Amino acid sequence: MDKKLPPIITSNSSFEVIRQGGCVYVDKTSYLASMVMGMDKLYFLSCPRRFGRTLTISTLEAIFRGRRNLFKGLSIDSLDYDWKTSPIIHIDFGNCGRNTAEDLEAWLKKAMRQVALSYGIAAPDLSQHADDVFSDLIDGLSCLGKVVVLVDEYDKVLLDNAFSPEVEELRRQLGGFYQVVTRYAMVNEFSGLNNLKHLSMSPVYGTMLGYTQKELEENFAGFIEQGIKDTGMSREAYLAKVREMYGGYRFSPGSEMVYNPVSVLLDRDGPHEADVGREAGNEP
């Protein structure tokens with residue numbers, strides 16, 4: 001592979017790491033700008049794994065922390081955004097790993113305490129229920145600005161315990177916790193959240209996750225040319241094979257199809273020699 005090609009990271013979903021490392025980043029900030037500058041305040045986004053949801057949350061966090069230096073040259077940097085910093089509560093249930101309501105309660109309280117300490121405010125009273133601790137934390141942080149709550153892997157605890165007798169207690173625990181946000185949004189797991197703007201199948205946000213054909217060819221041109229050279233395929237045949245292997249996803253009827261970003265980048269050289277053989281009608 002040509003050493004002049006920019007590095008690609010698929011094992012780290014930190015926007016800061018990707019941008020500071022000079023790695024390839026497909027600019028999706030125009031979508032995020034419409035969210036943070038819009039009138040809606042509660043958003044829900046569901047998608048298959050490995051489509052960049054965690055990176056999206058990391059990018060939002062950088063925006064709300066006012067890290068404009070990381071966005072130089074990206075779409076949002078050219079817009080009239082004020083880049084004010086906001087206190088952030090970032091909860092990643094991918095790191096939770098709890099399988100009882102009691103343990104989940106303790107984990108949530110600990111997470112809330114760590115957020116309070118990071119902002120130098122008084123820790124909430126941990127003798128309260130986690131819902132009340134969460135509410136007190138939001139109240140405490142509000143003196144520093146408009147509070148932003150970012151939740152990643154919102155349903156992982158339930159998925160990990162789908163066949164456990166504890167699942168209903170875990171569901172109630174999480175449902176009450178999420179409803180705190182609505183007091184200051186429509187998902188099946190938590191029927192009380194009825195004010196969320198659901199982006200998952202929105203035609204406006206249909207290509208916010210995944211890579212469009214244009215994004216793939218523009219951002220990974222060097223890798224594509226290297227792949228064509230290595231396989232000996234024509235450009236048309238090579239791109240068709242890449243599309244067959246990694247494309248074909250659509251999040252909204254009528255929206256453009258997209259590629260799974262992690263899958264196509266993990267196999268960044270594109271079709272293997274075996275695929276070239278099949279393309280020519282031969283067995284490898």
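**Exercise 1. Backbone outliers**

Task: Locate R50 in this predicted model, and state what sets its backbone apart and whether its side is buried or exposed.

Solution. Step 1: R50 sits in the loop that runs between β1 (43-44) and α3. Step 2: its phi is positive, about 70°, although R50 is not a glycine. Step 3: most residues other than glycine have a negative phi. Step 4: the relative accessible area of R50 is 48%, so R50 is partly exposed.

Task: Do the same for W83, giving its loop, its phi and its accessibility class.

Solution. Step 1: W83 belongs to the loop between α3 and β2. Step 2: W83 is not a glycine, yet has a positive phi of about 55°. Step 3: the relative accessibility of W83 is 9%. Buried means under 20%, and W83 therefore counts as buried.

**Exercise 2. Salt bridges**

Task: State how many salt bridges the structure holds, then work through the pair R67 and E16.

Solution. Step 1: there are 14 salt bridges in the structure. Step 2: in one of them the side chains of R67 and E16 meet, with 3.5 Å from N to O. Step 3: R67 is in the loop between α3 (53-64) and β2 (88-92), and E16 is in helix α1 (residues 15-20), so this pair ties together parts that lie 51 residues apart in sequence. Step 4: R67 is partly exposed at 24% relative accessibility, and E16 is partly exposed at 31%.

Task: Place the bridge between D152 and R53 in the fold, and find the network to which these residues belong.

Solution. Step 1: the closest N and O atoms of D152 and R53 are 3.9 Å apart. Step 2: D152 lies in strand β3 (residues 148-152) and R53 in helix α3, so the bridge links distant parts of the chain, 99 residues apart. Step 3: D152 is buried at 2% relative accessible area, and R53 counts as buried at 16%. Step 4: salt bridges link R49, R53, D152 and E153 in a network.

Task: Work out where the D160 and K156 pair lies and how exposed each residue is.

Solution. Step 1: D160 and K156 form a salt bridge whose closest N and O atoms are 2.8 Å apart. Step 2: both residues lie in helix α6 (residues 156-160), 4 residues apart, which is about one turn of the helix. Step 3: D160 is partly exposed at 48% relative accessibility, and K156 is partly exposed at 22%.

**Exercise 3. The strand β3**

Task: Sort the side chains of β3 by face and identify how β3 pairs with β2.

Solution. Step 1: in a regular strand the side chains alternate between the two faces of the sheet. Step 2: V148, L150 and D152 point to one face of β3 and are buried. Step 3: V149 and V151 point to the other face and are not buried. Step 4: β2 and β3 pair in the parallel sense, over 5 bridges. Step 5: across this pairing, I88 stands opposite V148 in β3.

**Exercise 4. Nonpolar cores**

Task: Describe the largest nonpolar core and the surroundings of F71.

Solution. Step 1: the largest nonpolar core has 32 residues, and F71 and M208 have the most contacts inside it. Step 2: α1, α2 (29-36), α3 and β3 each supply at least two residues of this core. Step 3: leaving aside residues up to four places away in sequence, F71 touches F15, R19, T29, T59, A62, I63, I76, D77 and W83. Step 4: a second, separate core of 29 residues includes F44, L104, A130 and V167.

**Exercise 5. The second largest pocket**

Task: Give the volume of the second largest pocket and trace its lining.

Solution. Step 1: the volume is about 670 Å³. Step 2: 33 residues line the pocket, and S13, F51, G52, L55 and V262 lie nearest its centre. Step 3: α3 and α11 (261-266) are the elements that give two or more residues to the lining. Step 4: α3 gives the most, with 5 residues.

**Exercise 6. F251**

Task: Place F251 and list what it touches.

Solution. Step 1: F251 is in the loop between α10 (235-246) and α11. Step 2: F251 counts as buried at 14% relative accessibility. Step 3: the C-alpha atoms of F251 and S200 are separated by 6.7 Å, while the two residues are 51 residues apart along the chain. Step 4: not counting residues up to four places away in sequence, F251 touches C47, P48, F51, S200, M201, G206, L209 and V258.

Key. Residues numbered from 1 in each chain as written. Predicted model: local features only at pLDDT ≥ 70, side-chain atom pairs only at ≥ 80, totals over all residues. Heavy atoms only, no water. Salt bridge = Lys/Arg side-chain N within 4 Å of Asp/Glu carboxyl O. Buried < 20%, exposed > 50% of the residue type's maximum accessible area, 1.4 Å probe, protein only. Pairing = 2+ DSSP bridges. Core = buried A, V, L, I, M, F, W, Y, C linked by side-chain atoms within 4.5 Å. Contact = heavy atoms within 4.5 Å. 1 Å grid on protein atoms, 1.4 Å probe; cavity = no way out; pocket = protein on both sides within 12 Å on 5 of 7 lines; lining within 4 Å. Points joined across faces, edges and corners; volume = space filled by probe spheres on them.
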